[in-house]
Amino acid sequence: MQKPAVLFDETHCGQCACGEGLDFAFTFAFQPIIDADKREVYAYEALVRGNEGEGAWSILSRVNEKNRYSFDQICRVKAVKLAAKLGMKAMLSINFLPNAVYQAEYCIRTTLAAARTYNFDTSKIIFELIEGEDLSKPDHLVSIINTYREMGFKVAVDDFGAGYSRYNLMVASPPDLLKLDMALVRDIESNPNKQAVVAGIITMMDKLGGRIVAEGVETEAEYRWLRSQGIALFQGYLFAKPGFESLPEPYIPS
């Protein structure tokens, strides 16, 4: 198999088309998203970690305007490479930074090249938008999502309900997956106000043809209530903590 150009090479990325290089190293932990209907892992989310297991903030706090594009590109390559190395069969969810994507068609090349090199099926990739990232040009985000979906990728919106809820995005280009913010999930079984809000989101996504992921689930009570509302996709410590450079087997309640 012919190797792709150095464009995507994580060790040389800062010396070529990716722009400003990085002066820090990182890796990933993987946390499963379970499908309670099928009782299997639906996807693993790639979560940034330091090489010694340091938390995400130790890495993300070093991302700035100059290195954002390089970081976003190298994240994609590293996530695909590690997922392939671990033999991941489920979907792979990769967080992406919309402000780092100046043109979706060009910026996706490194991902496609990495997938070819490491023999990872691109139809199993989910691009997950960090919902709290502010965007000065919402049309740009819609363009990215539409391009990714036309290329066969799934798109998820993270932390929905955390304060930057993009209802305009729901109208312009609804995502395939909508992840409920953990603040809505916490103690939802005993909070009627949260229940009403989540019920509305469920109805919205049913009509838009997307699926909901309840993330940050920590208790059986939270899980049971959300499950009773028809939600099938879950993520959180109740099922499994992130596995450092590994694919943890989740607990799936009966």
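Is Arg-39 buried, partly exposed or exposed? Select Arg-39 to begin: with a relative accessibility of 45%, this residue counts as partly exposed. Arg-39 sits in the loop between β1 and β2 (40-49). Its phi is positive, about 55°, although Arg-39 is not a glycine.

**Confidence**

This is a predicted model. Colour the chain by pLDDT: the average is 87, and 87% of the residues score at least 70. Over residues 1-20 the pLDDT is below 50, and in the model this stretch has 41 contacts beyond near neighbours in sequence.

**Aromatic cluster before β1**

Select Phe-24, Phe-26, Phe-28 and Phe-71, which form one aromatic cluster. In the structure twelve aromatic pairs are counted. One is Phe-24 with Phe-26: the ring centres are 6.4 Å apart and the planes lie at 40°, so the pair is tilted. Phe-24 is buried at a relative accessible area of 10%, and Phe-26 is buried at 2%.

Now show Phe-24 with Phe-71. This pair is also tilted, with 6.3 Å from centre to centre and 45° between the planes. Phe-24 belongs to the segment before β1 (27-35) and Phe-71 to helix α2, so the pair ties together parts 47 residues apart in sequence. Phe-71 is buried, with a relative accessible area of 3%.

**Helix α2**

Extend the selection from Phe-71 to the whole of α2. Of its 18 residues, 13 are buried, and the helix is mostly covered. At 1.5 Å a residue, α2 should span 26 Å, and its end C-alpha atoms are 26 Å apart, which agrees. Just after the helix, Gly-87 takes a positive phi of about 70°.

**Nonpolar cores**

In soluble globular proteins, nonpolar side chains tend to be buried together. Here the largest nonpolar core has 69 residues, and Leu-92, Tyr-148, Leu-226 and Phe-234 touch the most other members. Helix α2 (residues 68-85) gives the largest share of this core, nine residues.

Centre the view on Phe-234. Leaving out residues up to four places away in sequence, Phe-234 touches Pro-32, Ile-33, Ile-34, Ala-36, Val-213, Ala-214, Val-217, Tyr-223, Leu-226, Arg-227 and Phe-239. There is also a second, separate core of nine residues, including Ile-33, Tyr-42, Ala-156 and Leu-177.

**Asp-176**

Next, select Asp-176, in the loop between α6 and β6. At 18% relative accessibility, Asp-176 counts as buried, since the cut-off for that class is under 20%. Which side chain does the side chain of Asp-176 join through a polar contact of 3.3 Å? The partner is Arg-149. A polar atom of the Asp-176 side chain also lies 2.8 Å from the backbone nitrogen of Val-155. Show the neighbours as sticks: apart from residues up to four places away in sequence, Asp-176 touches Arg-149, Phe-153, Lys-154, Val-155, Gly-210 and Arg-211.

**Helix α8**

Move to α8, residues 192-208. At 1.5 Å a residue, its 17 residues should span 24 Å; the end C-alpha atoms are 24 Å apart, which agrees. What caps the N-terminal end of α8? Asn-191 does, with a side-chain oxygen 3.1 Å from the backbone nitrogen of Asn-193. Just after the helix, Gly-209 takes a positive phi of about 85°.

Label the buried residues of α8: Gln-195, Val-198, Ile-201, Ile-202, Met-204 and Met-205. An α-helix has 3.6 residues a turn, so residues three or four places apart point the same way. The elements covering the buried residues of α8 include β5 (154-160), α6 (167-172), β6 (177-180), α7 (182-185), β7 (211-214) and α9 (220-228).

**Two last stops**

Select Glu-105 in helix α3 (residues 104-107). Glu-105 is partly exposed, at a relative accessible area of 45%. Add Ile-144: the C-alpha atoms of Glu-105 and Ile-144 are separated by 8.5 Å, with their positions 39 residues apart along the chain.

End at Glu-245, in the segment after β9 (243-244). Glu-245 has a positive phi of about 50° although it is not a glycine. At 36% relative accessibility, Glu-245 counts as partly exposed.

Notes. Residues numbered from 1 in each chain as written. Predicted model: local features only at pLDDT ≥ 70, side-chain atom pairs only at ≥ 80, totals over all residues. Heavy atoms only, no water. Helix = DSSP H or I, 4+ residues; strand = E, 2+ residues; numbered from the N terminus. Expected span 1.5 Å × (residues − 1). Buried < 20%, exposed > 50% of the residue type's maximum accessible area, 1.4 Å probe, protein only. Contact = heavy atoms within 4.5 Å. Polar contact = N/O pair within 3.5 Å; in protein donor to acceptor, adjacent residues only side chain to side chain. pLDDT = per-residue confidence, 0-100. Core = buried A, V, L, I, M, F, W, Y, C linked by side-chain atoms within 4.5 Å. Phe/Tyr/Trp six-rings, centres within 6.5 Å; stacked < 30°, edge-to-face > 60°.
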